[in-house]
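User: Please examine the structure below and justify the terms applied to it.

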Amino acid sequence: MEKFKKTDRRDFIKTTVKGGLIASVGISSFGSILESCSSSKNVSKHFVKTGFDQIPLPYNYDALENVIDAKTMEIHYTKHAAGYSKNLKEAAQAEGAEGKSVEEILAQLSKYSVKMRNNAGGHYNHEMFWQCMRKPQENNLPEKKLSEAINSQFGSFDHFKNLFNEAAKTRFGSGWVWLYADNKTLKIGSTPNQDNPLMSVSDIKGFPLLGLDVWEHAYYLKYQNKRADYVDNWWKVVNWKYVSDRFESLV
Ligand code: MN
C-alpha cells in the first residue's frame, strides 16, 4: 500500500511538471487542509502542498523582457523571494511548523508569529507569481472555461482588466492584487504586505488564481514611480494556462 502511494505521488509530480505546473504540489494532505479551512469550497484538488524551498524559475531571467527586465527578475528571485523562503524556514523551525505545507500554515496563521505571517505569505505569493507569468504575448487571453467564468462574473474581459488595474493602482504602499475564487465566485481584491486570500487572518478569503506583486521592488528599476505602466504592460506576460489550471482544480 505504502509503495503504491509513493509511486502514485511520483507519477503525479511527473505529470504535473510535464504539464508546466509547479512541482511542489501533492494530494497527500488534502484531507487535513479541508478540515483546517473555514470554507471547504475554497480548496484546490492539487495546489495544496507548497514546500519551503524555492522551486527553480520556469524561465530565464530575461524571458519577460520588455515587460519585466532581467535585472529586476534576478534580484527579485535571488534576493527578495529567497529571503522569504529562508526566513520562513527559520520561523517554521522556531515555531514547530516543520513538515507542514505553506497552505496549512496560512490556514492557521493566528497560531504563529508576525515573522511567520510575512514570510509564509511572501514565499507562497512569489512561488505562485513566477508560475503566473510566461514570455510576453500579444492578444494574451484566458483559456475557454476561465474566460467564460470571467465574462459571466465581470461582463467582459476588458471590464475585468479595468477593475484589476484599478485595484493595483490604488493599493497604497506595498501589497498584492488578486483574482481569487470565493466558493467558485470570481472576485478581485488586494492585500497589504505579503498577505493573501488563503490566510485565516486576511480581509479577503478564497483561493488565489492570479496574483500581481505591486511592491516597488517588482518594478522600480524599469518603471520607477510609474506603477500604472508596469501593471498595464504586465498583462502580456500572464500565464493564462497556469491560471486556468488553478481555476479548474477547484473542488
Ligand atoms: Mn516581490
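**Helix H5 and the manganese site**

Analyst: Of the 18 residues of H5, 14 are buried, so this helix is largely enclosed by the rest of the structure. Buried means under 20% relative accessible area, exposed over 50%, partly exposed in between (1.4 Å probe, protein chains only). Helices (H or I, at least four residues) and strands (E, at least two) are DSSP runs, numbered from the N terminus. This is a predicted model: local features need pLDDT (the predictor's confidence in each residue, from 0 to 100) of at least 70, side-chain atom pairs count only at pLDDT 80 or more, and totals for chains, interfaces and linings use all residues. Residues are numbered from 1 along each chain as its sequence is written, and side-chain values use heavy atoms, with hydrogens and water left out.

User: What makes His76, His126, Asp213 and His217 donors of the manganese ion?

Analyst: Donors are N, O and S atoms within 2.8 Å of the metal (3.2 Å for Na, K and Ca); water is not among the atoms, so sites may look incomplete. His76 (NE2), His126 (NE2), Asp213 (OD) and His217 (NE2) lie 2.0 to 2.1 Å from the ion, so they qualify. Because His126 lies in helix H5 (residues 114-131) and His217 in the loop between strand E3 (207-213) and helix H8 (220-223), the pair ties together parts 91 residues apart in sequence.

User: Why is His126 called buried?

Analyst: Its relative accessibility is 1%, so His126 counts as buried. His217 is buried too, with a relative accessible area of 19%.

User: How do the ends of H5 agree with its expected span?

Analyst: The expected span is 1.5 Å times one less than the number of residues. For the 18 residues of H5 this should be 26 Å, and the end C-alpha atoms are 26 Å apart, which agrees.
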